[in-house]
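Got your viewer open? Here is a tour, stop by stop, of what to select and what you will find there.

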Amino acid sequence: MQTSNGDDADEWNVWYRSSLDGGTTWSSPLKISDAPTGSAGYVNGNGFAEIYGDYGQIAITSDGRTIAVWGEAFSCNGPGGTWFNLQR
């Protein structure tokens with residue numbers, strides 16, 4: 001999780017990087033919270049308003065794809081929702 005636009009506390013994004021050599025080198029950062037808008041009013045083109053809970057997780061599927069899940073909301077008190085991104 002990282003704020004954007006000069007640490008704007010209301011513009012959060014989720015980023016992903018990977019390593020194939022045990023962490024010696026890393027891929028370029030890839031923004032995975034890339035929904036430009038949504039039915040939730042806390043999502044906009046620059047990010048989302050607040051991290052919702054501390055429930056972010058990442059896993060690798062049996063076919064080697066990455067899936068990430070996290071919470072987004074208007075504030076840390078909600079209301080909010082669970083979001084995910086699955087590598088294609």
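Before clicking anything, one yardstick: buried means under 20% relative accessible area, exposed over 50%, and partly exposed in between, with a 1.4 Å probe and protein chains only. You are looking at a predicted model, in which local features need pLDDT of at least 70, side-chain atom pairs count only at pLDDT 80 or more, and totals for chains, interfaces and linings use all residues. Residues are numbered from 1 along each chain as its sequence is written, and side-chain values use heavy atoms, with hydrogens and water left out.

**The whole chain**

Start with a cartoon view. You should find zero helices and ten strands; here helices (H or I, at least four residues) and strands (E, at least two) are DSSP runs, numbered from the N terminus. The C-alpha trace spans about 40 × 30 × 20 Å along its principal axes. Of the 88 residues, 25% are buried.

**The salt bridge**

Select D63 and R65. They form a salt bridge, with the closest N and O atoms 3.2 Å apart. The rule asks for a side-chain nitrogen of Lys or Arg within 4 Å of a carboxyl oxygen of Asp or Glu, and by it the count comes to one salt bridge. D63 is exposed, at 52% relative accessible area, while R65 is partly exposed at 29%.

**Two buried glutamates**

Next, go to E72 in strand β9 (residues 66-73). Which side chain of opposite charge is nearest to E72? That is K31, 10 Å away, and buried E72 has no salt bridge. For charges, Lys and Arg count as positive and Asp and Glu as negative, while His and the chain ends are not counted.

What E72 does have is a 2.7 Å polar contact, side chain to side chain, with W70. (A polar contact is a pair of N or O atoms within 3.5 Å; within protein, one must be able to donate a hydrogen and the other to accept it, and residues adjacent in sequence count only if both atoms are side-chain atoms.) Show its surroundings too: beyond neighbours within four places in sequence, E72 is in contact (heavy atoms within 4.5 Å) with residues including S33, Y42, F48 and W83.

Now jump to E11, in strand β2 (residues 8-13). E11 is also buried without a salt bridge, and K31 is again the nearest side chain of opposite charge, at 9.1 Å. Its side chain makes a polar contact of 3.5 Å with that of N46. Leaving out residues up to four places away in sequence, E11 touches Q2, T3, S4, N5, N46 and F48.

**W15**

Select W15 in strand β3 (residues 15-16). W15 counts as partly exposed, with 39% relative accessibility. Apart from neighbours within four places in sequence, its contacts are Q2, P29, L30, K31 and I32. Try a distance from W15 to D34: their C-alpha atoms are 9.5 Å apart, across 19 residues of chain.

**The largest pocket**

Color Y16, L30, K31, I32, D34, T66, I67, A68, N85, L86 and Q87, which line the largest pocket. Strand β9 gives the most to this lining, with three residues.

On a 1 Å grid over the protein atoms alone, a cavity is a set of points where a 1.4 Å probe fits but cannot get out; a pocket is an open set with protein on both sides within 12 Å along at least five of seven lines, and lining residues have an atom within 4 Å of a point.

**Last stop: a cis bond**

Zoom in on G78 and P79. The peptide bond between them is cis, with omega near -5 degrees. P79 sits in the loop between β9 and β10. Most peptide bonds are trans.
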